[in-house]
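Please read this briefing with the structure open beside it, taking one topic at a time. The points move from the chain as a whole to its enclosed spaces, and then to single residues and unusual backbone geometry.

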Amino acid sequence: MLSVGLSIVSLARFQFAMTTVFHFFFVPFSIGMGFLVAIMETIYAVKKDKVYLDMAKFWGKIFLLSFAVGIVTGIIQEFQFGMNWSEYSRFMGDVFGAPLAIEALLAFFIESVFIGIWMFTWDRFKPGVHAFMIWMTSIGTMLSAIWILAANSFMQHPTGFKINNVTGRVQLTDFGAVISNPQLWRVFPHVIIAAFMTAAVVITGMSAYGLLRKKKAENHFFKTSLRFGLWASLIFAILSAGAGDLQTQQIIKDQPMKFAATEGVYEDTKDPAPWTVVELINAKDHKASGQIEVPGVLSILAYHKLSGSVKGMNTINKEMHAKYDKQFGKNMDYYVPPKTLFWSFRVMTGIDALIMLVAFVGLIFSRKKKDTIESHKWMLVVLGLCIWVPFIGNSAGWFITEFGRYPWIVYGLFTIAQAVSPTSTVATLLFSNIIYFLLFTLLGGVMIAYSRQTLHHGPYYEEADSKQNVDPFAKEAFGK
């Protein structure tokens with residue numbers, strides 16, 4: 001009864017998507033928040049302006065919350081690899097294990113050591129030395145991203161390997177090729193800059209809510225945080241668009257089907273290629289209609305010149321059949337989900353443009369010579385609502401990355417259907433999906449609740465225990 005309308009592959013894919021998306025809510029946010037807190041504390045160390053110290057401490061609390069939740073969601077994600085994708089682990093273990101091991105032993109070690117020192121030594125080091133601790137933490141988070149993305153980039157564009165003729169599995173032959181994979185060094189800047197932008201938008205939105213409370217003692221703090229967040233949002237939104245363009249150039253080269261789907265191109269375009277704003281996609285018959293097009297723009301976006309045709313999905317599908325039929329058979333479907341990719345791309349880029357616009361308008365309203373943002377309550381509300389926007393954009397970008405690899409789990413080498421654990425059943429997958437969803441919902445709720453509580457308490461709130469400032473190992477901590 002449980003198998004009606006459900007399959008092991010579809011449930012395993014849903015679980016991977018769910019765990020990845022939930023994990024990706026928190027990871028970019030914590031990476032970006034750590035980086036921005038490091039900048040705040042550095043400004044304090046240089047300028048000795050106390051408001052930046054207060055900012056580092058306050059936004060540091062939000063960083064610690066996201067860091068903790070990110071760790072838990074990451075553990076769950078790794079756990080489901082063993083549960084649902086054991087064949088993938090066998091096939092890819094030699095390559096996939098190396099960057100993940102380095103991430104845990106090196107990058108996460110750096111993060112965990114220095115974040116602990118940073119948390120408990122605010123009054124024990126000079127400002128510059130203490131700022132060094134959060135910089136090391138931030139560098140550790142970015143190193144973690146490099147190693148995780150190195151593993152994912154191999155899945156997108158395998159390099160530095162051979163297939164063992166006896167076992168049929170991937171063997172690592174050139175570790176340097178894995179870490180110099182062009183996919184990695186196109187996706188990494190895009191992910192990291194988007195992480196910085198995410199944190200900046202959250203700082204801006206929470207500061208806007210802080211200003212709406214109209215507490216005089218907190219006004220300067222939240223106004224400074226708001227301006228800081230607006231500038232960071234604008235800068236990183238612009239840089240994110242540039243990094244996305246660089247990644248697109250690599251996708252055109254390595255995964256033309258993915259690119260064609262993001263642009264809704266079924267048939268080869270004319271030269272120069274028009275860019276489709278919106279269209280109606282018929283995925284079953286592999287055609288589109290009702291296009292609203294802008295002439296010549298797709299050639300500029302794809303090739304950075306005024307000429308050039310773009311291959312359509314139908315042509316690419318024929319090419320892939322000619323290349324892979326001997327290995328994977330004639331019944332393979334190489335079409336990626338076109339509606340998902342087409343609209344995800346527009347959501348992602350539209351959100352980036354929206355953040356640019358909102359940040360620019362916010363900077364105008366809050367400029368020093370004519371600071372009127374507090375009298376424009378609607379603008380503060382808009383900034384507050386934008387807190388959720390970058391998380392949607394990040395998820396849309398990850399949809400493009402993962403759905404665009406279909407039907408492969410390792411591009412050109414191993415399919416999704418081949419990778420699923422042979423012992424998985426519909427019942428166990430359905431049960432674990434429900435449990436994971438409830439757990440992720442709880443974790444997300446805890447993160448939101450504690451962040452809201454932190455904002456409600458404000459930047460100058462101190463708990464009763466913290467006022468004692470007692471060394472936990474001193475005799476005073478144990479009473480008389």
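For a chain of 480 residues, a compact globule would have a radius of gyration near 23 Å, and because this chain has 24 Å, its value agrees with that expectation. The model is a predicted one, and every value below was computed from it.

**The chain as a whole**

- Taken along the principal axes, the box that the C-alpha atoms of the chain fill is roughly 75 × 55 × 50 Å.
- The secondary structure of the chain consists of 16 helices and 6 strands.
- Of the 480 residues in the chain, 51% are buried.
- If one takes the contacts between residues at least 6 apart in sequence, 78% of them join residues that are at least 24 apart.

**Enclosed spaces**

- Empty space can be found by rolling a probe the size of a water molecule over the atoms, which shows where such space is left.
- How many cavities of 30 Å³ or more are there? The count comes to 3.
- The largest cavity holds about 70 Å³ of space, while the second largest has a volume of about 50 Å³.

**The lining of the largest cavity**

- The residues that line the largest cavity are Val201, Thr204, Leu230, Ser233, Ile355, Val358, Ala359, Leu383 and Cys386.
- Three helices, α6 (184-212), α7 (216-254) and α11, each supply at least two residues of this lining, and the largest share, 3 residues, comes from α11.
- Sorted by class, the lining of the largest cavity has 7 nonpolar residues, 2 polar ones and no charged ones.

**The lining of the second largest cavity**

- Around the second largest cavity lie Asn152, Ser153, Gln156, Gln183, Val187, Gln247, Ile251, Gln255, Lys258 and Thr401, which together line it.
- Two or more residues of the lining of the second largest cavity come from each of α4 (127-156) and α7, and α4 gives the most, with 3 residues.
- The lining of the second largest cavity divides by class into 2 nonpolar, 7 polar and 1 charged residues.

**Two buried residues in helices**

- Is Arg346, which is found in helix α11 (residues 338-365), buried or exposed? Arg346 counts as buried because its relative accessibility is 13%, and the cut-off for buried is under 20%.
- A polar atom of the side chain of Arg346 lies 3.0 Å from the backbone oxygen of Val277.
- When residues up to four places away in sequence are not counted, Arg346 touches Thr262, Glu263, Trp275, Thr276 and Val277, so that Val277 appears both in this list of contacts and as the owner of the backbone oxygen described above.
- Asn433 lies in helix α15 (residues 426-457), and because its relative accessibility is 5%, Asn433 also counts as buried.
- Leaving aside neighbours within four places in sequence, the residues in contact with Asn433 are Leu11, Phe14, Gln15 and Met18.

**Unusual backbone geometry**

- As background for the next points, most residues other than glycine have a negative phi, and most peptide bonds are trans.
- Which residues does the cis peptide bond with omega of about 0° join? This bond joins Asp271 and Pro272, and Pro272 is found in the loop between α8 (256-262) and β3 (275-282).
- The peptide bond from Tyr406 to Pro407 is cis as well, with omega near 5°, and Pro407 belongs to the loop between α13 (389-403) and β5 (408-410).
- His286, a residue other than glycine, has a positive phi, near 60°, and its place is in the loop between β3 and β4 (287-294).
- With a relative accessible area of 24%, His286 is partly exposed.
- His304 likewise has a positive phi, near 60°, and is found in the loop between α9 (297-303) and α10 (313-328).
- Because its relative accessible area is 49%, and a residue counts as exposed when the value is over 50%, His304 is partly exposed.

Note on methods:
Residues numbered from 1 in each chain as written. Predicted model: local features only at pLDDT ≥ 70, side-chain atom pairs only at ≥ 80, totals over all residues. Heavy atoms only, no water. Buried < 20%, exposed > 50% of the residue type's maximum accessible area, 1.4 Å probe, protein only. Polar contact = N/O pair within 3.5 Å; in protein donor to acceptor, adjacent residues only side chain to side chain. Contact = heavy atoms within 4.5 Å. Helix = DSSP H or I, 4+ residues; strand = E, 2+ residues; numbered from the N terminus. 1 Å grid on protein atoms, 1.4 Å probe; cavity = no way out; pocket = protein on both sides within 12 Å on 5 of 7 lines; lining within 4 Å. Points joined across faces, edges and corners; volume = space filled by probe spheres on them. Nonpolar A, V, L, I, M, F, W, Y, C, P; charged D, E, K, R; others polar. Rg over C-alpha atoms; globule rule 2.2 N^0.38 Å.
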